[in-house]
Amino acid sequence: MSSLNVKLAILAAGLMLSGCMQGTTYQAAPTAAMKPADKAQLDKARYDKVPVAEPFRRAIVNYHRKEMPGSIVIDSDNHYLYLVQDGGKAIRYGITVGEEALAFSGIARVGNMAEWPKWTPTADIHRRIEGLPGTVPGGVDNPLGARALYLYQGNRDTLFRIHGTNQPEYIGASISSGCIRMTNEDVIDLYSRVKQGTIVVVLDPKQGDSPFNSKMALQGGSNMPLN
C-alpha cells in the first residue's frame with residue numbers, strides 16, 4: 001500500500017469513527033514512566049512526529065468484554081490495543097497492525113520485555129527486504145522503537161511483538177510485517193503497566209465485537225499452554 005493510500009485510509013477511518021466516539025476523553029501518555037535516557041533518545045528523533053488521528057489517540061474507555069484486568073487485548077480490525085482495567089474500563093491505544101497475510105491471532109503471554117531493544121530481522125524479513133543488516137542496535141532510529149514486548153506460546157517465541165515505531169504517521173493502518181506498533185510514548189506507558197507473564201489476546205479477524213470470552217478460554221476452554 002502506498003504512503004498516500006495509507007494516509008487517506010487513516011483519515012477516512014478517523015472521520016467515520018469520530019461520529020460515534022463523542023464523549024471519549026483522549027489523553028496523552030503520562031511522562032512519569034519516561035526515564036532520562038528515554039527523553040534523550042526522543043529529543044534526537046529524526047522522524048516526523050506526526051500527530052496521531054484523534055480516534056487512535058490514547059484514551060480511557062468503557063470496556064464490555066470479559067478479559068481479566070491486567071490483560072492486553074488486540075483488536076487488529078479496528079487498530080486498537082486495550083489494557084484491561086478494573087471496573088469495566090480499559091486504556092485504549094491506537095496501533096499499526098500487520099497486513100492480513102502476516103497477521104497473528106490467538107492467546108499468548110509476554111515472555112520477555114526490553115527497553116530500546118536491538119532488532120534482529122528474521123529470515124523471512126530478509127527474504128522480503130534485501131540489504132538489511134544482521135542486527136540493528138537499539139535507539140530512536142531502530143524500527144522497534146522505545147520498548148518491545150515479546151509474545152510467547154508455552155516456551156516458544158511466536159516472533160510476534162508489541163513495540164514502538166519511528167513511523168507514527170501509520171498508526172491506524174495495516175502495513176507492518178505482522179507485529180503491533182505503537183507510538184514510542186504510548187509503548188513506554190504500556191510497558192510501565194505490565195509485567196512478564198501478562199496474558200495477550202489477539203482477536204481473530206471480525207471478532208472485535210463478538211461475545212468471545214477469553215477469560216473462560218483461559219480457565220479451560222483452550223488447549224493452548226501458557227507457561
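Student: Let's start with β7: how many of its ten residues are buried?
Tutor: Keep in mind that this is a predicted model. Strand β7 is mostly covered. Buried here means under 20% relative accessible area, and the number of β7 residues that count as buried is eight.

Student: Which strand does β7 join through six bridges?
Tutor: Two antiparallel partners of β7 are worth a look. With β12 (residues 199-202), β7 shares four bridges. The six bridges go to another antiparallel partner, β8.

Student: Which residue of β8 does R109 stand opposite?
Tutor: R109 has a counterpart in β12, where it stands opposite I199. In β8, the residue opposite R109 is Y152.

Student: Zooming out, which strands are at the edges of the sheet?
Tutor: The sheet is open, with ten strands in mixed pairing, and its order reads β1-β2-β5-β4-β3-β12-β7-β8-β9-β11. An edge strand here pairs on one side only. That description fits β1 (25-26) and β11 (180-181).

Student: How many bridges join β3 to β4?
Tutor: β3 covers residues 72-75 and β4 covers residues 80-84, and the two run antiparallel. Within this pairing, V73 stands opposite Y82 in β4. The number of bridges joining β3 to β4 is four.

Student: At what angle does helix α4 run to β8?
Tutor: Helix α4 spans residues 184-193. It lies across β3, β4, β5 (89-94), β7 (106-115), β8 (147-153) and β9 (156-163). Relative to β8, α4 runs at about 55°.

Student: How many of the ten residues in α4 are buried?
Tutor: Helix α4 is mostly covered. The buried residues are N184, D186, V187, I188, D189, L190 and Y191. So the number of buried residues in α4 is seven.

Student: Y191 is on that list. Which residue has its charged end over the ring of Y191?
Tutor: Y191 belongs to helix α4. The charged end over the Y191 ring is 5.2 Å from the ring centre, and it is that of R147.

Student: Moving on to the aromatics, is the F56 and Y80 pair stacked, edge-to-face or tilted, and why?
Tutor: A search of the whole structure turns up three aromatic pairs. In the pair of F56 and Y80, the ring centres are 5.6 Å apart and the planes meet at 40°. Planes under 30 degrees apart would count as stacked and those over 60 as edge-to-face. An angle of 40° therefore makes the pair of F56 and Y80 tilted.

Student: How many residues apart are F56 and Y80 along the chain?
Tutor: F56 is in the loop between α2 (36-43) and β2 (59-62), while Y80 is in strand β4. The pair links distant parts of the chain, and the separation is 24 residues.

Student: Why is F56 counted as buried, and what is its relative accessibility?
Tutor: Its partner Y80 is buried, with a relative accessible area of 3%. The cut-off for buried is under 20%. F56 falls under this cut-off because its relative accessibility is 1%.

Student: Which residue has its charged end over the ring of Y80?
Tutor: Y80 is in an aromatic cluster with F56, Y63 and Y82. Over the ring of Y80, 4.3 Å from its centre, sits the charged end of R92.

Student: Last one: what share of the 227 residues is buried?
Tutor: The chain has five helices and twelve strands. Its accessible surface comes to about 11500 Å², of which 52% belongs to carbon and sulfur atoms. Among the 227 residues, the buried share is 49%.

Notes:
Residues are numbered from 1 along each chain as its sequence is written. This is a predicted model: local features need pLDDT of at least 70, side-chain atom pairs count only at pLDDT 80 or more; totals for chains, interfaces and linings use all residues. Side-chain values use heavy atoms; hydrogens and water are left out. Two strands pair if DSSP finds at least two bridges between them. Contact means heavy atoms within 4.5 Å. Axes are lines fitted to C-alpha atoms, for helices over the stretch in contact, and angles run from 0 to 180 degrees between N-to-C directions. Buried means under 20% relative accessible area, exposed over 50%, partly exposed in between (1.4 Å probe, protein chains only). Accessible areas come from the Shrake-Rupley method with a 1.4 Å probe; for residues, only the protein chains shown count as cover. Rings of Phe, Tyr and Trp (its six-membered ring) pair if their centres lie within 6.5 Å; planes under 30 degrees apart count as stacked, over 60 as edge-to-face and the rest as tilted. A charge sits over a ring if NZ of Lys or CZ of Arg is within 6 Å of the ring centre and within 35 degrees of the ring normal.
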